[in-house]
Amino acid sequence: MTVRPMMNRDSQFFWDGTAAGELRIQVCNACGAKRFPPGPACPDCGALDRGHLATGGRGTVFSYVVHRHPPVPGREMPIVIALIELDEGVRMVGEVVDVADDEMKIGMPLRVDYRRVDDELTLPIWRRA
Ligand SMILES: [Zn+2]
């Protein structure tokens, strides 16, 4: 089972990106501010003129939680969920794979990878860089 993330007009570019192997973030066409999660208006200048760019797919662990309970159907516990600070300066939440929960560290470098769920959904996941 996968918890399906919300998809809408503001986030479609993000999911088109993961399907194409790109981790995209929104960028304000008026002031250049980068942001995540996507939204209709720039929190810095209020402009609605928005675009996006492909990140380098690298970041570091800003914080994390280890999910042990309750169990998630079809998933092995624990699941490590991190808040990742991208090199571009924005933060996003993602699942970290292939790192034992007791090896997780704040500041650990990670790189993005992709888990294709189906034709509509490819999730970004994170691995040790
Ligand atoms: Zn702006």
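Start at the zinc ion of this predicted model. Select Cys 28, Cys 31, Cys 42 and Cys 45, and show their SG atoms: these are the protein donors of the zinc ion, and they lie 2.3 to 2.4 Å from it. In sequence, the donor residues follow the spacing C-x2-C-x10-C-x2-C.

Next, draw the angles at the zinc ion. The 4 donor atoms subtend 106 to 114° around the zinc ion, so the arrangement is tetrahedral. For four tetrahedral donors, the ideal angle at a metal is 109.5 degrees.

Stay with the cysteines and switch on a surface. Which of them are buried and which are partly exposed? Cys 28 has 2% relative accessibility, and therefore counts as buried. Cys 42 is also buried, because its relative accessibility is 5%. Cys 31, at 41% relative accessibility, counts as partly exposed. If you look for disulfides, a search of the whole structure finds 0.

Now colour the protein by secondary structure. There are 1 helix and 8 strands to find. Walking along the sequence, you meet them in the pattern α-β-β-β-β-β-β-β-β.

Before the helix, select Ser 11, which sits in the segment before H1. Ser 11 has a relative accessibility of 9%, so it counts as buried. With neighbours within four places in sequence left aside, Ser 11 is in contact with Met 6 and Pro 38.

Move on to helix H1, residues 12–19, where the buried residues are Phe 13, Phe 14, Trp 15, Gly 17 and Thr 18. An α-helix has 3.6 residues a turn, so residues three or four places apart point the same way.

What do the buried residues of H1 pack against? Show strand E1 (24–28), strand E3 (50–54), strand E6 (91–96), strand E7 (109–116) and strand E8 (122–128): the buried residues of H1 pack against these strands. Then step just past H1 to Gly 21, where phi is positive, at about 80°.

From E6, follow the chain into the loop between E6 and E7 and select Asp 98, which has its place there. Is Asp 98 buried or exposed? Its relative accessible area is 63%, so Asp 98 is exposed. Leaving out neighbours within four places in sequence, the contacts of Asp 98 are with Arg 127 and Arg 128. For a distance to draw, pick the C-alpha atoms of Asp 98 and Leu 121: these residues are 23 residues apart in sequence and 21 Å apart in space.

Finally, zoom out to the whole protein. Its C-alpha atoms fill a box of roughly 45 × 30 × 25 Å along the principal axes. The radius of gyration is 15 Å, which agrees with the value near 14 Å for a compact globule, because the protein has 129 residues. Of the 129 residues, 35% are buried.

Two further totals can be kept in mind while turning the model. Among contacts with a separation of 6 or more, 48% join residues 24 or more positions apart. On the outside, the protein exposes about 7,400 Å², and carbon and sulfur atoms supply 51% of that area.

Key
Residues numbered from 1 in each chain as written. Predicted model: local features only at pLDDT ≥ 70, side-chain atom pairs only at ≥ 80, totals over all residues. Heavy atoms only, no water. Donors = N, O, S within 2.8 Å, 3.2 Å for Na, K, Ca; no water. Tetrahedral: all angles 85-135°; square planar, octahedral: opposite > 155°, others 65-115°. Buried < 20%, exposed > 50% of the residue type's maximum accessible area, 1.4 Å probe, protein only. Helix = DSSP H or I, 4+ residues; strand = E, 2+ residues; numbered from the N terminus. Rg over C-alpha atoms; globule rule 2.2 N^0.38 Å. Contact = heavy atoms within 4.5 Å. Areas by Shrake-Rupley, 256 points an atom, 1.4 Å probe, with all protein chains shown as cover. Disulfide = S-S within 2.5 Å.
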